[in-house]
Amino acid sequence: MTDAAEVSEYDVVVVGAGPVGENVADRARAAGLSTAVVESELIGGECSYWACMPSKALLRPVVARADARRVPGLSAAVQGPLDVDAVLAHRNDETSHWKDDGQVAWLEGIGADIHRGTGRLAGPRTVTVTAADGSVRSLTARHAVAVCTGTRAVVPDLPGVAEARPWTSREATSAKEVPGRLAVVGGGVVGVEMATVWQALGAEVTLLVRGDGLLPKMEPFAGELVAEALTEAGARIRTGVSATAVHRAAPDGPVTVELDDGDRIEVDEILFATGRAPRTDDLGLETVDLKPGSWLTVDDSCRVEGSTWLYAVGDVNHRALLTHQGKYQARIAGAAIAARAVRTTPLETDRWGTHAATADRAAVPQVVFTDPEAASVGLTLAEAEAAGHRVRAVDYDLGSVAGSVLYADGYRGRARMVVDLDREVLLGVTFVGPGIGELLHSATVAVAGEVPIARLWHAVPAYPTISEVWLRLLEAYRDGPAPA
């Protein structure tokens, strides 16, 4: 690692060393640009230690057991409880026991300089880094500063919330023991995934949802099927309610949750999965005429609007709050920074161009790793109609596909494709069912590639696999009502 006292000027300074910042740094270094990376916590960021990796490590044995219980000849062998200690130990392994040595070695291996401490903008192209010992160093960027600081969990300002010490996604994915009773506030992705985990590990889970269903950003049937499965597993789901206050009388005592319908419930822990806010409140935005605590609005190359040097990449720009989408943006932004720095490569900012993050609007994929899994890409039917497209939704019962019948007894699931009737291409696809996460990339290729329906008939699915649902969907489209 280069001593910052010797080298304080770089081509690119990246603030935040999660997967997004790492990818920006990688692209900048691959283009021959000197790069500094600033991080106040662990190299690898939220995804590696408190989100994607630990949550999916916790979910994998839960889903695998559920799948096995539906297989004749195997179901009787997997009726017992999960080995909680083994599940948590596996989670710990997948987070490298919250040590970032491997990630540090990777960043150093590509030639990036790492600066530990809190990074703040101090005017155009300048970042100050305050280390844990209070020392301050200044970094300047010849070409670009990339803000990749991500988001933090939002905990509502309710009476008693500070004393109750609620869980956020960080505590939910890193907990060392199973709570006896857990209230989960929020019906989005974090809420349903963590409800799935802790219910399966032995907690009594109550989901408190302000709206009328789960997974509100997906097709309605996704939340319905996940809610049905959670209820069958023993979770209690209460919709149309909000927490108004929480109380924990003793530090290790139970939490009482007051609801707006006048009811109260008592639990051992409460998880708030109620949204995210940008980590920009202490970033020095005021020094470059931006509002502290705000989302950073960017163009399709992830450059902050009105700036020639400041980039905001990943969750912090609020385009698509997903790790894989942030990494996609990082590849786009890194290429754009390099092209603007060398000035020999013209920028390709047209739709689907090299330097345009078009997928953020048209083809965002996501998998919810519950039982059943829910996966989607592109627009829902409601979103497509709201955008003014002339569309038709085509649905199919996934349980009727030969591959699904073989996958599990009593397979329950559903697929939908949203077809643009004017161009006869797909605007969105949703799958819900066991084992469907791996189907999603084929849908993503179809949506991002704007593959005509006529050509999709030539993409022959192997028999007998669940992917044969593609053929069934095409047949349903062919046999359905003619476009008006």
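**Helix 1, the second largest pocket and the strand 4–strand 5 hairpin**

Helix 1 comprises 12 residues, 19-30, and extends 16 Å between its first and last C-alpha, close to the 16 Å expected at 1.5 Å a residue. The model from which this and the other values were computed is predicted. Buried positions in helix 1 are Pro19, Val20, Gly21, Glu22, Asn23, Val24, Ala25 and Ala28. The cover over these buried residues includes three strands, namely strand 1 (9-15), strand 2 (35-39) and strand 6 (136-147), together with helix 2 (45-50), helix 5 (101-109) and helix 10 (323-342). After helix 1 comes Gly32, which has a positive phi near 85°.

The second largest pocket holds about 500 Å³ of space. Its lining consists of 20 residues, of which Ala66, Arg70, Ala229, Ala233 and Asp371 are the closest to the centre. Two or more lining residues come from each of helix 3 (52-68), helix 8 (189-200) and helix 9 (220-233). Helix 9 contributes the most, with six residues. By class, the lining of this pocket has 10 nonpolar, seven charged and three polar residues.

Strand 4 (residues 118-121) pairs with strand 5 (residues 126-130) in the antiparallel sense, through four bridges. Side chains alternate along strand 4: Gly119 and Leu121 are buried and point to one face, whereas Thr118 and Arg120 point to the other and are not buried. The residue of strand 5 opposite Gly119 is Val129. Four residues lie between the two strands of the hairpin, in which Gly123 adopts a positive phi near 110°.

Key:
Residues numbered from 1 in each chain as written. Predicted model: local features only at pLDDT ≥ 70, side-chain atom pairs only at ≥ 80, totals over all residues. Heavy atoms only, no water. Expected span 1.5 Å × (residues − 1). Buried < 20%, exposed > 50% of the residue type's maximum accessible area, 1.4 Å probe, protein only. Contact = heavy atoms within 4.5 Å. 1 Å grid on protein atoms, 1.4 Å probe; cavity = no way out; pocket = protein on both sides within 12 Å on 5 of 7 lines; lining within 4 Å. Points joined across faces, edges and corners; volume = space filled by probe spheres on them. Nonpolar A, V, L, I, M, F, W, Y, C, P; charged D, E, K, R; others polar. Pairing = 2+ DSSP bridges.
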